[in-house]
Amino acid sequence: MSDEVRSSQKAQSDEGGLSNLSHEDRRFPPPEELAASANVTAATYEQAAADPDAFWAEQAKRISWETEPTEVLDWSNPPFATWFADGTLNAAYNACDRHVEAGHGDRVAFYFEGEPGDTREITYAQLTTEVKQAANALIELGVEAGDRVAIYLPMIPEAVVAMLACARIGAPHTVVFGGFSSDALSSRILDCGVEVVITADGGYRRGAPSGLKPAVDEALTKCPDVRHVLVIRRTGQDVEMTEGRDLWWHEFVGQQSEEHTAEAFPAEHPLYIMYTSGSTGKPKGILHTTGGYLVGTSYTHWATFDLKPETDVFWTAADIGWVTGHSYLVYGPLVNGTTSVMYEGTPDTPHKGRWWEIIEKYRVTILYCAPTAIRTFMKWGSEFPEQFDLSSLRILGSVGEPINPEAYVWYRHVIGGDRTPVVDTWWQTETGMHMISPMPGVTSGKPGAAMTPVPGVSVDVVNDEAQSVPNGSGGYLVITKPWPSMLRTLWGDDQRFVDTYWSRFAGLYFAGDGAKRDDDGDIWFLGRVDDVMNVSGHRMSTTEIESALVSHPKVAEAAVVGASDPTTGQAIVAFVILRSEAGDGGPDVVAELRAHVAKEIGAIAKPRQIMVVEELPKTRSGKIMRRLLRDIAEHREVGDVTTLTDSSVMSLIKDNMDKPAAAAEG
């Protein structure tokens, strides 16, 4: 097994064993009523394993095809796959028109809740009409099938309309998160040759309007090929409109015909390009195509959340600028005819009970959010959710990073009332759909464990020689067979696609995550390979130590990094946020936390240094930027902070790093 990803092993010394996370003994079986009517059963796994191609061919019947495919998977030129290649379809028709034609036009597609408190209720019939008008507008602007369109918007319904309008006419969209800078926007526009941009004057952020159009204007100084900008009026801020280039959405789209017939495109026609950060600094343009992506996202949305579209109200608390928003706010739910909630704002605007207020208002049945949000709610305290009626919830989901066992249990207990399964989903921008997750009607939940692959998905944990590791061992997580919604390539760079994902192990997809199989064979994620530390020859996962810290009643959130150490090679440095009742975080608390980690895992895992902080550096998608914390821990110049929600957090941490009360050593 590789030294690079070996999980915390039992130390052959008086310091005792190290890894206890994979021996989690709490189990939460499915509620009997849910299990009795579950979409996925034990038989589903057996059918999928017996013949994966036949299984996915069956799932392809979930969507509408203009030309039914006779082919399933072509893997004759790995790693370049095609799925359902001789089928033709239209993504927007699948998301909109077909539900209206089936008599569900009056069903609500979205309950939109704006941060200032404005609301909209959008039915499938209304959504279909708006998408048709927007498609006609793009056609009038000269957009043709294959042309790329950039979307740079807040979380408003027009963002969904814009995406579907592009899909309707076969124009791949690239959605750029509204919190990204003008430089990030221009680099993406240039990389995929965008000529039309859709944006807004601004959006709302923590109670105040925040501009978007000025960033577009700045970005376009570097993008001479952009011919038109459609601008949605959201906040009413004054913006400059360039004559001949800029058009108001409400004027230009609003006067378009409400009639448009969707054209069918081949299943492998590009649907969207989503950029994700690359190790070389140049963002990677992940290309997803149409047929396989819709099959994968619609199936996993239905399966993982045990979806009942006639009665469920589904809320993915993710921005459309991220893949979670694409797959489980837009395409998956709409293809399935789901009623969803779409929220523009933050969890604490105008108060810390905002999410729970929304759940009570719309009787949300399924909530899907990030562990970062859950840990934040833990820090605030249970008194906020306890003010609202959350009894409508029947399933809770987690996405973005591994969920700490204590956060899992708090989520299930406080938010779910001890009755809701928690589905902790592992997947990536590249995979397009859930790959590993418990199924709520089948799986006995195990806090902190990713559990088992989704039916029809094949994964393994392997060593350096690509051999499966036994239960109780760690290694590299790989995907061993193609899946329908897999990325097809990196935009304009097939070789980088091969080198990035397929070069480490012949014929296997490796995305950079370390994982461990526990004694039951269930999968636990140990974080990125880069987040596995070597302390005095012992391999330890940052995730395990973070979970040990969060299991202490005084800790709300923790981030752990490895810092260079002349004695041990690497030393463990922890940054923790305390719960409100824990006091000021002086030396006594720090000593208590160090002792707690030693007790939970082993003395070798005791952090060299623990720093109590008010906040952690997080991206706008909620991920902790451990790279920046490593810079701090090693006294380096702090790197790029442009993707952080609040860049001032790093200055505060840096200023406090040497204060003995906050950062105790020894």
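Okay, let's start with one residue: Trp 83 is buried, with a relative accessible area of just 1%. Under 20% already counts as buried, so Trp 83, at 1%, falls within that class. Before I go on, keep in mind that this is a predicted model.

So where does Trp 83 sit? You'll find Trp 83 in strand E2, which covers residues 80–83. And what does Trp 83 touch, if we skip the neighbours within four places in sequence? There's quite a list: Trp 56, Val 72, Leu 73, Ala 267, Glu 268 and Gly 292, and then Pro 482, Trp 483, Pro 484, Met 486 and Arg 488. If you want a distance to try on your screen, go from Trp 83 to Val 149: they're 66 residues apart in sequence, and 24 Å apart in space, C-alpha to C-alpha.

Now, hang on to Trp 56 from that contact list, and let's look at helix H3, residues 52–59. Trp 56 is buried there, along with Phe 55 and Gln 59. Those three span an arc of only 90° around the axis, so they lie on the same side of H3. What do the buried residues of H3 pack against? Three elements: helix H2 (42–50), our strand E2, and helix H10 (291–304).

Okay, on to some helix pairs. Take helix H6, residues 157–168, and helix H11, residues 323–335. Their axes are 12 Å apart and the angle is about 60°, so H6 and H11 are oblique to each other. The crossing of H6 past H11 is right-handed. From H6 you get Val 160, Met 163, Leu 164 and Ala 167, meeting His 326, Val 330, Tyr 331 and Leu 334 from H11. By class, that contact of H6 with H11 comes out as 7 nonpolar residues, 1 polar and no charged.

The other pair is helix H13, residues 371–380, with helix H14, residues 405–415. Here the axes are 10 Å apart, at an angle of about 70°. Angles of 65 to 115 degrees count as roughly perpendicular, so that's the word for H13 and H14. On the H13 side we have Ile 374, Arg 375, Phe 377 and Met 378, and they meet Glu 406, Ala 407, Trp 410 and Tyr 411 in H14. How does the contact of H13 with H14 divide by class? It has 6 nonpolar residues, no polar and 2 charged.

That's my tour, thanks!

How values were computed. Residues are numbered from 1 along each chain as its sequence is written. This is a predicted model: local features need pLDDT of at least 70, side-chain atom pairs count only at pLDDT 80 or more; totals for chains, interfaces and linings use all residues. Side-chain values use heavy atoms; hydrogens and water are left out. Axes are lines fitted to C-alpha atoms, for helices over the stretch in contact, and angles run from 0 to 180 degrees between N-to-C directions. Helices (H or I, at least four residues) and strands (E, at least two) are DSSP runs, numbered from the N terminus. Angles under 35 degrees count as roughly parallel, over 145 as roughly antiparallel, 65 to 115 as roughly perpendicular and the rest as oblique. A crossing is left-handed if the near helix is turned anticlockwise from the far one by less than a right angle, and right-handed if clockwise. Contact means heavy atoms within 4.5 Å. Ala, Val, Leu, Ile, Met, Phe, Trp, Tyr, Cys and Pro count as nonpolar, Asp, Glu, Lys and Arg as charged, and the others, Gly among them, as polar. Buried means under 20% relative accessible area, exposed over 50%, partly exposed in between (1.4 Å probe, protein chains only). The arc is that of the directions from the helix axis to the C-beta atoms.
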